[in-house]
Amino acid sequence: METNLFWYIWNHTKREQIWVLFIILLSMPVYFVSLDLPKQIVNGPITGEGFEDPTATARFLHISFDLPEFLGGSHFELFPGIELGRMGYLVALSMAFLFLVCVNGAFKFYINTFKGRLGERMLRRLRYDLVDRVMRFPLGHFRRVKAPEIATMVKDEVEPMGGFIGDAFVQPVFLGGQALTALAFILAQSFWLGLIAFGVVAIQAYIIPKLRRRLLVLSKQRQITARQLAGRVGEIVDGVADVHLNDTSNRERADIADRLGRIFFIRYELYQRKFAVKWLNNFLAQLTPFMFYLIGGYFALRGSMDIGQLVAVISAYKDLPSPIKELIDWDQQRLDVQVKYNQVIEQFCPDNMLDSSLQLPPDAPVPHITDPIVLSGVSVVDDTGARLLETTSLTLQPKERVAAVGPINSGAETVSELLVRLALPTTGRITLNGQNLSELSEALTGRRFAYLGPDTYFPHATIREVLLYGLSHVPTSPYTGAGSSEAGGDHSKETMLQEAKLSGNTTLDIKADWVDYESAGVEGPEELGAQMLKVLMIVDLHADMFDLGLRSSVDPVQSPDIVELVLQARVVLREVFSKPPFDQLVEGFDPDRYNHQATVGENLLFGTALGDTFAAASLPMNDYVRILLEQEGLDEKLIEMGREIASTVIELFAGLPPDHPFFEQLSLMTSEEIPGYKTLLTRASSGGATADEERAMLLKLAFGYIEPRHRLGLFDSELEEKILKARKAFHENLPEEYADAIAFYDPAEYNPPSSLQDNVLFGRIAYGIADGPRRVRQAMREVFEKLGMEHAVIEAGLSFNVGSGGKRLSASQRQKLAMARAILKRPDYLIVNRALSALDARNLTEIIGRVLDISKSDEHGGFGIFWVLANPQIATRFDRVILFEQGRIVDDGRPDELTTKNARFAELVA
């Protein structure tokens, strides 16, 4: 990238810059005429110059000019003008002045809009270029930078550049042109007043930038300290578990306070200096009018300057300080932005960046690996000087299944990283298909290799998206949707595409279908689901997917077949749970009965809230609910119930520590809420009135109460009848504006926002029955198998969101999912580096066995394996074993051969 911001801007926007500069030059004559008109108005119709005779007229819009004497001195009249009287001339000049004000305003509007769009377009290009470079960083560079700092630079530090980029060339020409035009006009009226204005402007242009140099240093310090703060906060977020485990929260607070203190003093000095400079600039700007009034008034009194000229000069200077001040601000911004740009570029220009051509979409089909992978004299030394791999030569045959064994950091891990270019050779070379591996495009290495490391990280996405990520290389078919989704909001797809081109962004459509079905071994999306299920079963993730599917919701419009199966399963399960020994396990939803396993709030709504209107947290404050409770005579009863719950909970749990597990079981009140409820009860016992907020706090406790779970003996048949009556009134009187805010329970209908499990059970599992939840799930699974919908439930689980970094999944689930993704892309070579460490030995052995089996099958095309094993005993199942120690290969051969000839390997296996 260009190290100079101005060259970066000019190289990408020279056509636009030339056009807007032309518009600016076009606006200057109009601006000059608008400055001259006040003089004509004052000297002409107002003071009466040329209208001494009451019948005198003046010509409006008279346009003529004389040629110089050396060209003949001829006089040309382009337009004779319109003869007007004194009043008509005043009106005409005033209207002309108003017209020129509008024209100047139109010029400014067009120029500002144009440069704003230009700036935003270049900001988009700059951010895209920076992220593009991040994806070409050498992988070792990421060990030295913090992700939050990189994100902060892309998001925040280049933000001021967006506003400046549009002004880079436009602002000095536009403002300078205005200032020079105004100065030229003042000089034309009075040489001495023009000299005064020019002198003050020169002083401003010299002194103010000098005083602002220190501001640049402070701005740079502020930028660096703010970036470091963002990086430190990111570290705290990533390591928050260690903070709790080691009781270091106060140390972290002290660290943050120290950093914030440094930023405070830097910013405070910035404010002091900035406003001192601003005061001086304003003083100089006001000094000139003082000189004009004094000296110009003196000239007017002596008769060497008329009143119209003085008024015109003052009017012209009125517009002069603003562009001068903005020019000085522009120069300050230029220096500041250039510093920021240089700092950002320094961070985004590491050595050994990947060539951008290696990431271009391929023009031809990507070839498969048909030749051996050859390491010739390869050694690796990291940036600390540690030798990770001694000089090593190795040949891996296509479809060969190789196990690498040895202690941790034996060199096997480094070889696995070399094969997928996560590490680069310090000496030697790696060749594939006769070419240097480092020179091959990522289209080949990214599609023909699959890698699993000891760590797994997934973006915030669904399991389906995670699985298909390894198949998302380039769009395979265009987006066929309609409406706003295709149009990108209010703009057409063509407009979005054109703007992407103008901004230097890729024109690949993220909404298109990116799945490489051929690599997955299927014909199209219809067969992809079955293929994913096969892969999930290989890695023993299907049972987890079944549970996740039960907790997921399904869109009835997109999956009508699943909805139909769910309704069938509901009927079958209702029959199952109506007979012993299952009749006590589930209490179904009945419109005419109170469900004792559900909360009071759920019984009142008898449905699932859509949005926040009737969500559990906002229900006590909902006006419709509160009016309904009052009409049904339930408000005071439920408030009294909440008061009794609060009193009992405080009496039982007030002395417990905040992290006591009883609070998790209680669910009605957290330890942090206890002081608030204690204050509420104290005020109520002293006879104080209960405020609306306090009533809502008590209603919250009552709405969350479940008698079989909390067992406080607060329920009776009378209260149940009142709640059922209120439920009926709630449904019958629900305002039309709330019609889409809740999905009511209907025994014959699917409830879209509820999970599959809730839809199938259409009720709640009973509390207090030993092994009840497991028995219910087992009964559900049997019914699903009978109806052939187990795969449908697992497919619903594919919509489960894994959370940031996959943290909603367990460690073993994340590792299995990573293996499933690697297998789904059907690589030519699978590289596994001490992965699946969270699995127990039995499960690990089973999965390795299945992977070895499919690597030999024609269905998966057959693929080679290089597996760095943590358990050497499994190595005997591979075709070949390589023994590593201290960065060297100490032995290499078939498992049976090594067992007999190598005592060290035999010892490891034993």
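How many residues lie between β5 and β6 in their hairpin, and which residue in the turn has a positive phi? The hairpin has five residues between its two strands, and Gly385 is the turn residue with a positive phi, of about 95 degrees. Helices (H or I, at least four residues) and strands (E, at least two) are taken here as DSSP runs, numbered from the N terminus.

The structure is a predicted model, in which local features need pLDDT of at least 70 and side-chain atom pairs count only at pLDDT 80 or more, while totals for chains, interfaces and linings use all residues. Residues are numbered from 1 along each chain as its sequence is written, and side-chain values use heavy atoms, with hydrogens and water left out.

To begin with the chain as a whole, 35 helices and 20 strands are assigned. Of the 910 residues, 45% are buried, where buried means under 20% relative accessible area, exposed means over 50%, and partly exposed lies in between (1.4 Å probe, protein chains only). Among contacts (heavy atoms within 4.5 Å) with a separation of 6 or more, 76% involve residues 24 or more positions apart. The chain exposes about 46,300 Å², and carbon and sulfur atoms supply 56% of this area; accessible areas come from the Shrake-Rupley method with a 1.4 Å probe, and for residues only the protein chains shown count as cover.

The hairpin of the opening question belongs to an open sheet of four strands, ordered β6-β5-β8-β9 with antiparallel pairing. Its edge strands are β6 (387-396) and β9 (435-436), each of which pairs on one side only. Two strands are counted as paired if DSSP finds at least two bridges between them. Strand β5 (residues 373-381) is joined to β6 by six bridges, and Val380 has Leu389 of β6 as its bridge partner. Five bridges link β5 to β8, again antiparallel, with Ile373 standing opposite Leu432 in β8. From β8 (residues 427-432), two bridges lead on to β9, where Gln435 is the bridge partner of Leu432. Leu432 thus appears in both pairings of β8, opposite Ile373 and with Gln435.

Positive phi values also turn up outside glycine. Most residues other than glycine have a negative phi. Phe606, however, has a positive phi of about 50 degrees. Phe606 sits in the loop between α21 (600-605) and β14 (607-609) and is buried, at a relative accessible area of 2%. Asp771 has a positive phi near 60 degrees and lies in the loop between β16 (763-765) and α30 (772-787). In contrast to Phe606, which is buried, Asp771 is partly exposed at 41% relative accessibility.

Helix α31 (residues 790-797) is largely enclosed by the rest of the structure, because six of its eight residues are buried. The buried residues are Glu790, Ala792, Val793, Ile794, Ala796 and Gly797. Their cover includes α14 (463-468), α18 (525-538), α19 (542-551), α20 (560-576), α29 (756-761) and α30.

On the surface, Met87, Val91, Met95, Phe97, Leu98 and Val101 make a nonpolar patch of about 560 Å². Patches are made of residues with over 30% relative accessible area and no salt bridge, joining like charges within 9 Å and nonpolar side chains (Val, Leu, Ile, Met, Phe, Trp, Tyr) within 5 Å; a salt bridge is a side-chain nitrogen of Lys or Arg within 4 Å of a carboxyl oxygen of Asp or Glu. Val101 lies in helix α2 (residues 86-134) and is partly exposed, with a relative accessible area of 40%.
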